[in-house]
Amino acid sequence: MKKLIFTILPVFFFIFSIPSEAQVVRRAKTRIVANTPVTITGQKIRTHRRVRRRTYRRVTRRTLNTIPAATKAIVYSRTKYYPSNGFYYIRKKGVYVSVVPPVGFRVASIPWAYTSLIIANRTYFYANGMYYNKIKNNYEVAKPPVGAKIDELPEGSNEVTVENKSYYTFDDNLYKKTGEQFELVGFLDE
């Protein structure tokens, strides 16, 4: 009898156990302010934003507890940026948070998985949501060119609806899906 109980009991717990591997994903609701008034749940949102300068660019969700040992900080506008695997991190509240560096930020090399784009007779290099221009032996973060078409959106992009049209945003850049690609059609800070 004891042998029967000890063989059935583990099978019973295995069959009727509650799965504990599920994760809850919470998505934040995004309010978009475009150049035209937008109505959300009966409220009219003002179309003119107050200009507030922020110290850091829009923060994406990627964070690290430690940076690889050989990583050297790049100081730009009194902020230390740590490049790692094509992303840039700043130290904030004890962790390293991925950010998009501001326009004018220069690096010696860009990630190996970049795409060359020619827009208005100018060559841009696109990698991880950032556009670069080659200046002498360095690469400078450039303002994204309107009309740029990319194959896939960067990590951390959100889908939004403006005037019943579906768009995607990343770092205040507004993309529209055209066929299999995504085209940059404007900016949210304008």
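**Exercise 1. Describe the hairpins around strand β6.**

Step 1. Strands β6 and β7 make a hairpin with 2 residues between them, and K93 in its turn has a positive phi of about 55°. Here strands are DSSP runs of E with at least two residues, numbered from the N terminus. The model is predicted, so local features need pLDDT of at least 70 and side-chain atom pairs count only at pLDDT 80 or more, while totals for chains, interfaces and linings use all residues. Residues are numbered from 1 along each chain as its sequence is written, and side-chain values use heavy atoms, with hydrogens and water left out.

Step 2. Look at the pairing, for which DSSP must find at least two bridges between two strands. β6 pairs with β7 (residues 95-99) in the antiparallel sense over 5 bridges. Within this pairing, Y89 stands opposite S98 of β7.

Step 3. Turn to the other neighbour. β5 (residues 79-84) runs antiparallel to β6 (residues 87-92), and 3 bridges join them. S84 faces F87 in β6. The hairpin of β5 and β6 has 2 residues between the strands, and N85 takes a positive phi near 55°.

**Exercise 2. Give the strand order of the open sheet of 5 strands, then find the salt bridge between E140 and R106.**

Step 1. The order is β8-β12-β11-β10-β9, with antiparallel pairing. β8 (106-107) and β9 (115-119) are the edge strands, each pairing on one side only.

Step 2. Inside this order, β11 (residues 130-135) and β12 (residues 138-142) are joined by 5 bridges. K134 has Y139 in β12 as its bridge partner.

Step 3. The structure holds 1 salt bridge, meaning a side-chain nitrogen of Lys or Arg within 4 Å of a carboxyl oxygen of Asp or Glu. In the pair of E140 and R106, the closest N and O atoms are 3.0 Å apart. E140 lies in β12 and R106 in β8, 34 residues apart, so the pair links distant parts of the chain.

Step 4. Classify both residues by relative accessible area (buried under 20%, exposed over 50%, partly exposed in between; 1.4 Å probe, protein chains only). E140 counts as buried because its value is 19%. R106 has 38% and is partly exposed.

**Exercise 3. Classify the aromatic pair of F125 and Y139 and that of Y168 and F182.**

Step 1. Apply the rule: rings of Phe, Tyr and Trp (its six-membered ring) pair if their centres lie within 6.5 Å; planes under 30 degrees apart are stacked, over 60 edge-to-face, and the rest tilted. The count comes to 8 aromatic pairs.

Step 2. F125 and Y139 are 5.6 Å apart centre to centre, with 90° between the planes, and are edge-to-face. F125 is in β10 and Y139 in β12, so this pair ties together parts 14 residues apart in sequence. F125, at 12% relative accessibility, is buried, and Y139 is buried at 15%.

Step 3. For Y168 and F182, the ring centres are 5.4 Å apart and the planes stand at 85°, so this pair is edge-to-face. Y168 belongs to β15 (residues 165-170) and F182 to β17 (residues 181-187), 14 residues apart. Y168 counts as buried at 18%, as does F182 at 9%.

Step 4. Ring pairs also link Y76, Y81, Y88 and F105 into a cluster.

Key:
Helix = DSSP H or I, 4+ residues; strand = E, 2+ residues; numbered from the N terminus.
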